[in-house]
Amino acid sequence: MRNQEDKNFWGIPYGTEISTEALVKDLWDPTTDEILTPKSFLGLGWGINLHAVGKKIGLVR
């Protein structure tokens with residue numbers, strides 16, 4: 001998880017922010033190597049960090 005301030009409902013993270021920055025962070029977060037990250041953008045569950053996926057398969061340094 002990113003930090004202790006992450007919001008969750010019965011252990012499932014949720015995002016309440018509606019902004020372009022939150023959407024981009026859900027899809028492309030170079031600050032972590034986790035593939036599944038808690039949602040920042042509006043929604044429930046985890047998002048797929050495409051930066052981490054690209055790094056794992058060698059497309060991103």
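These legends walk through several close-up views of one predicted model. Residues are numbered from 1 along each chain as its sequence is written, and side-chain values use heavy atoms, with hydrogens and water left out. Because the model is predicted, local features need pLDDT of at least 70 and side-chain atom pairs count only at pLDDT 80 or more, while totals for chains, interfaces and linings use all residues.

**View 1. The whole chain, from end to end.**
Let's start with the parts list: the chain has two helices and five strands. From the N terminus on, they come in the order β-β-α-β-β-β-α. (Helices, H or I with at least four residues, and strands, E with at least two, are DSSP runs numbered from the N terminus.) The C-alpha trace spans about 35 × 25 × 15 Å along its principal axes. The radius of gyration is 12 Å, which agrees with the value near 10 Å for a compact globule of 61 residues. (That radius is taken over C-alpha atoms, and the globule rule is 2.2 Å times the number of residues to the power 0.38.) Of the 61 residues, 26% are buried. (Buried means under 20% relative accessible area, exposed means over 50%, and partly exposed is in between, with a 1.4 Å probe and protein chains only.) Among contacts with a separation of 6 or more, 38% come from residues 24 or more positions apart. (A contact means heavy atoms within 4.5 Å.)

**View 2. The three-stranded sheet.**
Here you're looking at an open sheet of three strands, in the order 1-2-4, with antiparallel pairing. Strand 1 (8-9) and strand 4 (43-44) are at the edges with a single partner strand each, so one side of each has no neighbour in the sheet. (Two strands pair if DSSP finds at least two bridges between them.) Strand 2 covers residues 12-15 and pairs with strand 1 over two bridges; there, Pro 13 is the bridge partner of Asn 8. Two bridges also join strand 2 to strand 4, and in that pairing Gly 15 has Gly 43 as its bridge partner. Now follow the side chains along strand 2: Pro 13 and Gly 15 are buried and point to one face, while Ile 12 and Tyr 14 point to the other and are not buried.

**View 3. The hairpin turn and its ring pair.**
Zoom in on the hairpin of strand 1 and strand 2, which has two residues between the strands. Trp 10 is in the loop between these strands. What is the phi of Trp 10, which is not a glycine? Its phi is positive, at about 55 degrees. A search of the whole structure turns up one aromatic pair. Phe 9 and Trp 10 form this stacked pair, at 5.1 Å centre to centre and with 15 degrees between the planes. (Rings of Phe, Tyr and Trp, using its six-membered ring, pair if their centres lie within 6.5 Å; planes under 30 degrees apart count as stacked, over 60 as edge-to-face and the rest as tilted.) Phe 9 counts as partly exposed at 49% relative accessibility, and Trp 10 is exposed, with a relative accessible area of 78%.

**View 4. A salt bridge from helix 1 to a loop.**
Side chains of opposite charge can pair when their charged atoms come close. How many salt bridges does the count come to? The count is two. (A salt bridge is a side-chain nitrogen of Lys or Arg within 4 Å of a carboxyl oxygen of Asp or Glu.) One of them links Asp 26 and Lys 39, with the closest N and O atoms 3.6 Å apart. Asp 26 lies in helix 1 (residues 20-27) and Lys 39 in the loop between strand 3 (36-38) and strand 4, so this pair ties together parts that are 13 residues apart in sequence. Is Asp 26 buried or exposed? Asp 26 counts as buried, at 3% relative accessibility, whereas Lys 39 counts as partly exposed at 22%.

**View 5. A salt bridge from helix 2 to a loop.**
In this view, the side chains of Lys 55 and Asp 33 meet in a salt bridge, at 3.2 Å from N to O. Lys 55 lies in helix 2 (residues 50-57) and Asp 33 in the loop between helix 1 and strand 3, so the pair ties together parts that are 22 residues apart in sequence. Lys 55 counts as partly exposed, at 39% relative accessibility. Asp 33 also counts as partly exposed, at 47%.
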